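Trainee: I would like to learn how to read a structural model feature by feature, beginning with a general idea and then turning to the case at hand. Could we go through one together?

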Amino acid sequence: YAFAHKETLGKTPTLLYCEHEIRGALSVVVGKLSAAGFAANQEVNSPRKRCREFHMIQQGEVLVQVGPANESTAFMPEVSEAPAPAPDDEKAGGEILDTLNARDQFGFPTLLVDDFKLKVRVVTTAVTHTLYLTRDALDDIAAAYVVVANYIEGCAVTREEFDKWVEVEGDAQTAAHKRLADLDELRADIKRQQDAAQRQAEEAKARIEGRERRAAALARRGTVVS
């Protein structure tokens with residue numbers, strides 16, 4: 001899969017890490033991916049939209065901004081009106097938190113909880129294409145191969161990003177923080193595996209370069225190396 005779809009999957013580091021550690025993982029994931037395209041200056045997500053989507057950018061650029069304080073209707077009865085922002089709110093909307101490009105990803109915190117207040121607004125600055133997973137797609141992956149879903153979560157979200165993106169209350173907050181703590185342990189294990197793989201690759205490269213240097217030295221002395 002990674003070779004056949006290298007033009008697209010090559011820009012999804014999380015999925016490639018997953019395939020490297022769990023052979024065949026991409027065969028489970030690829031069928032659940034959806035493609036999206038956005039025009040320049042198009043809103044991808046916002047407190048009012050509250051889309052539950054994890055995007056992996058193929059091309060283009062998006063800005064993650066502090067969301068307008070009066071847009072979200074989370075935790076509010078449907079008949080109620082959202083409160084107006086406080087006049088002295090320094091983050092009433094627009095402050096840029098992140099600028100993301102190809103190979104970057106965003107939105108995974110929205111998959112972790114059902115009821116949340118989205119604290120950010122995501123808008124494109126250029127024509128942008130992404131591959132994305134929905135909550136239902138991630139649930140399907142977990143039903144077929146839970147270790148793959150766990151690995152994606154471990155690579156895709158941190159407590160810092162979660163707190164930046166969403167606000168949750170009550171039992172949902174407790175459950176989310178417990179899940180994030182579990183993911184911290186998984187992420188530490190993933191980091192150890194990735195570091196080990198990197199060391200092995202560097203050692204293999206060093207061995208190859210060493211053989212090439214010895215062969216070149218022998219060739220200069222007129223010795224044929226088979």
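Trainee: To how many disulfides does the count come?

Mentor: Bear in mind that this is a predicted model. The general idea is that two cysteine sulfur atoms must lie within 2.5 Å to count as a disulfide, and by this rule the count comes to 0 disulfides. The sulfur of Cys18 has its closest cysteine sulfur in Cys155, at 7.1 Å, which is too far for a bond. Cys155 is likewise in no disulfide, the sulfur of Cys18 being the nearest cysteine sulfur to it.

Trainee: Is Cys18 buried or exposed?

Mentor: Here the general idea is a cut-off, since a residue is called buried when its relative accessible area is under 20%. Cys18 is therefore buried, with a relative accessible area of 1%, whereas Cys155, at 22% relative accessibility, counts as partly exposed. For the protein as a whole, 34% of the 226 residues count as buried.

Trainee: In what order do the 4 strands of the open sheet come?

Mentor: One reads a sheet by following which strand pairs with which, and in this case the order is S2-S8-S4-S5, with antiparallel pairing. The edge strands are S2 (43-45) and S5 (96-101), each of which pairs on one side only. From one strand to the next, the twist averages 25°. In the protein there are 8 helices and 10 strands.

Trainee: Over how many bridges do the strands S4 and S5 pair?

Mentor: Strand S4, residues 61-66, and S5 pair in the antiparallel sense over 5 bridges, and one can follow the register through Glu61, whose bridge partner in S5 is Asn101. S4 and S8 also pair in the antiparallel sense, over 5 bridges, with Leu63 standing opposite Val123 in S8. S2 and S8 pair in the antiparallel sense over 2 bridges, and there Asn45 stands opposite Val122 in S8.

Trainee: Why is strand S8 largely enclosed by the rest of the structure?

Mentor: A general point helps when reading any strand: in a regular strand the side chains alternate between the two faces of the sheet. In the present case, 4 of the 5 residues of strand S8 (residues 120-124) are buried, so strand S8 is largely enclosed by the rest of the structure.

Trainee: Which residues touch the most other members of the largest nonpolar core?

Mentor: The idea is to treat the core as a network of touching residues, and to look for the members with the most partners. In the largest nonpolar core, which has 46 residues, Phe108 and Phe162 touch the most other members. Helix H6, residues 146-156, gives the most to this core, with 5 residues. If one sets aside residues up to four places away in sequence, Phe108 touches Glu53, Phe54, Leu138, Ile152, Glu153, Ala156 and Val157.

Trainee: What polar contact does the side chain of Glu153 make?

Mentor: Glu153 is found in helix H6 and is buried, with a relative accessible area of 7%. The side chain of Glu153 makes a polar contact with the side chain of Arg179, at 2.9 Å. Apart from its neighbours within four places in sequence, Glu153 is in contact with Phe108, Leu112, Leu138, Arg179, Leu183 and Arg187. For the wider picture, among contacts in the protein between residues at least 6 apart in sequence, 83% join residues at least 24 apart.

Conventions. Residues are numbered from 1 along each chain as its sequence is written. This is a predicted model: local features need pLDDT of at least 70, side-chain atom pairs count only at pLDDT 80 or more; totals for chains, interfaces and linings use all residues. Side-chain values use heavy atoms; hydrogens and water are left out. Two strands pair if DSSP finds at least two bridges between them. Axes are lines fitted to C-alpha atoms, for helices over the stretch in contact, and angles run from 0 to 180 degrees between N-to-C directions. Buried means under 20% relative accessible area, exposed over 50%, partly exposed in between (1.4 Å probe, protein chains only). A nonpolar core is a set of buried Ala, Val, Leu, Ile, Met, Phe, Trp, Tyr and Cys residues joined through side-chain atoms within 4.5 Å. Contact means heavy atoms within 4.5 Å. A polar contact is a pair of N or O atoms within 3.5 Å; within protein, one must be able to donate a hydrogen and the other to accept it, and residues adjacent in sequence count only if both atoms are side-chain atoms.
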